[in-house]
Amino acid sequence: MLKPKPLISILALFIVTTGIWIASFISASANAPYESYNYNFWGEAVAQPHTFLYKKSFLGAGDKNSDTTLNFPKDMFLKGEKLYIADTGNSRILVTDFDGNVLNEYTCASDSSDTFKEPQGVFVTDEDHIYIADSGNSRLVELDEKGAFVREIGRPVTTLITDSQQYTPIKVVVDHAGRIYVIAYGINMGLIEFDKNGEFQGFMGATEVSVSMFTYIWKNYFSTKQQQERMATIVPTEYSNICVDKENFIYATINNLSGEDLASGADAIRRLNPTGVDVLRRLSNNKIIGDLDGYQNGWSSFCDVAVNDDGCYFVLDNNDGKIFAYDYDGNNLFVFGQIGIKEGNFQKPVAIALSEDEKKIFVLDNVLGNVMEFDITDYGELLLGAIRNNSIGNSEEATRLWNEVATYNSNNELAYIGLGKASMDAEDYKAAMEYFKLGNNRKYYSKALYYYRKEMMEKFFARGMLIIIIVIVTAICIKGFFAYKKWVGKVKCYMENH
């Protein structure tokens with residue numbers, strides 16, 4: 001039994017330690033000009049510790065370390081430790097480091113007279129070639145690693161785009177095979193695809209037409225001819241932005257969906273394979289549309305997406321100024337960000353970039369004309385680290401990290417799902433079933449149950465069959481014994497009577 005003084009000392013130490021932890025948590029929350037949360041099984045927003053915290057802004061009008069100011073920028077790409085920014089209002093591509101120091105500036109293509117005109121998209125290949133969507137000049141421009149002009153790719157040669165239709169490329173990406181994909185303003189037939197030689201190949205990943213039964217019936221059977229003419233034509237929606245992942249799949253966002261479309265579960269983001277088929281995994285209990293309570297606060301509008309090597313994707317909402325993170329299965333990891341006037345709030349975010357070590361998120365704001373940096377927290381590192389170890393099959397480390405995540409946030413259903421996946425990797429299917437039950441994940445629970453049943457069948461089938469055979473043989477023997485005994489009795493009785 002502890003003496004009073006040591007007991008008091010231990011209690012005091014516990015209180016002080018707990019107080020420090022709570023104070024640090026409160027301090028971090030107080031410093032963040034936004035809330036952090038995610039959605040549970042029931043579609044309810046649940047507060048959670050911050051995964052990324054605002055650190056600084058640069059390239060804005062008040063940035064003393066910058067010798068230039070952005071003017072309505074539209075796009076941003078991160079490569080290594082450089083940010084490539086489409087400074088649309090200044091008709092240039094600006095290259096900076098993570099502190100906003102300008103490293104390079106590109107204002108023209110082949111010569112000084114061949115200037116860019118309001119470029120809205122930029123992409124950098126593994127070879128450091130820069131592709132620019134030179135929107136005002138209706139072309140793509142490729143520069144080499146030194147910034148020297150390589151070529152320009154003009155209007156697609158196709159009858160599907162009429163001569164009277166303006167061609168305005170606004171976003172561009174290049175996959176690992178050299179195929180070039182372009183979003184062009186006003187073209188809703190999908191992504192424009194060029195081969196590595198710049199030859200037009202066709203359209204890829206056209207979005208499906210989404211129309212409600214009520215709208216269809218009203219337009220075709222009840223509205224007048226004049227009303228039909230005034231009604232908007234039902235056409236496929238356009239993509240708002242694109243990026244390419246390490247497996248050569250194209251992530252594409254759609255931001256002009258109606259509230260009716262989003263409420264019915266329309267696709268606000270897609271993952272397109274090289275044939276244009278959407279293969280995005282949707283194993284979550286909730287739809288991948290941003291905020292689920294759009295009826296109250298306005299629907300999310302996805303304007304850009306960044307992807308890490310573990311299949312997690314980070315989607316930027318320019319309607320409410322939020323960043324939504326999802327794992328490979330489509331589960332919501334976290335949400336943070338806000339439109340506002342505080343430092344660290346957005347006005348009109350348009351582009352997002354994730355550092356290669358996944359510890360920094362950069363957001364480009366069109367109205368503020370700056371770049372904001374958000375740094376990962378201890379909780380964020382645990383969360384993304386657990387997912388990373390799950391993806392590479394390191395179940396032991398994943399289990400340790402998921403347990404720490406659950407310690408930070410016991411309401412995090414993803415921690416239990418992660419522990420279930422780790423148990424699946426370790427072939428402990430019974431434990432996996434328990435964790436998936438706690439995480440309210442029916443799909444993975446069914447998968448674990450299937451393997452558990454299979455394991456039980458393999459384990460007990462031979463033993464069970466042996467027992468069944470023994471029972472059958474025993475039953476036959478007993479039946480035979482009694483039949484023999486009965487026969488002997490009849491023979492004995494017959495012989496005694498004769």
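Q: What makes the stretches on either side of Glu-358 strands?
A: Strands (E) are DSSP runs of at least two residues, numbered from the N terminus, and Glu-358 is found in the loop between two of them, strand E23 (349–354) and strand E24 (360–365). This is a predicted model, in which local features need pLDDT of at least 70, side-chain atom pairs count only at pLDDT 80 or more, and totals for chains, interfaces and linings use all residues. Residues are numbered from 1 along each chain as its sequence is written, and side-chain values use heavy atoms, with hydrogens and water left out.

Q: Why is Glu-358 called buried?
A: Its relative accessible area is 9%, and buried means under 20% (1.4 Å probe, protein chains only), so Glu-358 meets the definition.

Q: What is notable about the phi of Glu-358 and of Ser-138?
A: Most residues other than glycine have a negative phi. Glu-358, although not a glycine, has a positive phi of about 65°, and Ser-138, also not a glycine, has a positive phi of about 55°. Ser-138 lies in the loop between strand E9 (130–134) and strand E10 (139–143).

Q: Which residues lie nearest the centre of the largest pocket, and which element gives the most to its lining?
A: Of the 41 residues that line the largest pocket, Phe-77, Leu-78, Phe-123, Val-124 and Val-244 lie nearest its centre. Among the elements giving two or more residues to this lining are strand E4 (75–79), strand E8 (121–124) and E23, and E4 gives the most, with five residues.

Note on methods
Helices (H or I, at least four residues) and strands (E, at least two) are DSSP runs, numbered from the N terminus. Buried means under 20% relative accessible area, exposed over 50%, partly exposed in between (1.4 Å probe, protein chains only). On a 1 Å grid over the protein atoms alone, a cavity is a set of points where a 1.4 Å probe fits but cannot get out, and a pocket is an open set with protein on both sides within 12 Å along at least five of seven lines; lining residues have an atom within 4 Å of a point.
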